[in-house]
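Subject: Structure for you, plus what turned up in it

Hi,

Here is the structure I promised to send over. Have a look at it first, and then read on for my notes.

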Amino acid sequence: MADLVALARRHMDVALADEHGRSAELILRDGPMRQTIIALRDGVELGEHNAPAAASIQVLEGRVRVTGQDVAVIDEGRLDVLTHDRHSVLALEDSVFLLTTVTSIDPTGGPERAR
């Protein structure tokens with residue numbers, strides 16, 4: 001079981017020290033589902049990228065803006081579905097979020113920690 005508070009703290013510390021202002025770790029994998037914790041320093045953007053088959057974002061700390069078909073600001077404690085369009089994520093302040101994605105349909109394999 002992952003301690004999201006400890007992971008958020010650790011990855012924010014790494015992001016603050018990193019020259020690119022980011023830190024990420026795949027923390028859970030279950031078939032096609034992936035959960036990744038991502039920390040971004042204020043003003044850092046994950047550039048525009050393709051969307052997976054399905055995805056959600058839960059902001060654990062801070063506030064981010066997701067661009068795509070619509071622009072959404074997601075505050076700390078909020079959970080939102082991500083667009084199926086190309087999109088980017090911008091940290092409006094030091095932020096950590098849990099990204100849950102479904103990458104494909106793969107009926108094999110059970111749940112496992114991705115470490």
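Leaving aside its neighbours within four places in sequence, which residues is Leu40 in contact with? Keep in mind that this is a predicted model. The list for Leu40 runs: Met12, Ala15, Gly21, Arg22, Leu46, Val89, Ala91, Glu93, Asp94, Ser95 and Phe97.

Leu40 also shows up in the largest nonpolar core, which has 15 residues. Together with Ile57, Val64, Val89 and Phe97, Leu40 touches the most other members of that core. Five strands each supply at least two of its residues: strand 2 (33–40), strand 4 (54–61), strand 5, strand 8 and strand 9 (95–102). Strand 4 gives the largest share, three residues. There is another core apart from this one, made of nine residues, including Ala15, Ile27, Val96 and Leu98.

Now for the charged side chains. A search of the whole structure turns up four salt bridges. As a reminder, side chains of opposite charge can pair when their charged atoms come close.

Glu25 and Arg10 form one of them, with the closest N and O atoms 2.7 Å apart. That pair links distant parts of the chain, since Glu25 sits in strand 1 (residues 22–30) and Arg10 in helix 1 (residues 4–17), 15 residues apart. Is Glu25 buried or exposed? Glu25 counts as buried because its relative accessible area is 17%, under the 20% cut-off. Its partner Arg10 is partly exposed, at 41%.

Next comes Arg86 with Glu48, where the closest N and O atoms are 3.1 Å apart. Arg86 is in the loop between strand 7 (79–81) and strand 8 (87–91), while Glu48 is in strand 3 (residues 45–49), so this salt bridge ties together parts that are 38 residues apart in sequence. Arg86 is partly exposed, with a relative accessible area of 41%, whereas Glu48 is exposed at 52%.

Then there is Asp75 with Arg63, a salt bridge at 3.9 Å, N to O. Asp75 belongs to strand 6 (residues 72–75) and Arg63 to strand 5 (residues 63–67), so the pair ties together parts 12 residues apart in sequence. Both count as partly exposed: Asp75 has a relative accessibility of 38% and Arg63 one of 31%. This pair does not stand alone, as Arg63, Asp75 and Glu93 are linked in a network of salt bridges. You have met Glu93 already, among the contacts of Leu40.

Cheers

How values were computed
Residues are numbered from 1 along each chain as its sequence is written. This is a predicted model: local features need pLDDT of at least 70, side-chain atom pairs count only at pLDDT 80 or more; totals for chains, interfaces and linings use all residues. Side-chain values use heavy atoms; hydrogens and water are left out. Helices (H or I, at least four residues) and strands (E, at least two) are DSSP runs, numbered from the N terminus. Buried means under 20% relative accessible area, exposed over 50%, partly exposed in between (1.4 Å probe, protein chains only). A nonpolar core is a set of buried Ala, Val, Leu, Ile, Met, Phe, Trp, Tyr and Cys residues joined through side-chain atoms within 4.5 Å. Contact means heavy atoms within 4.5 Å.
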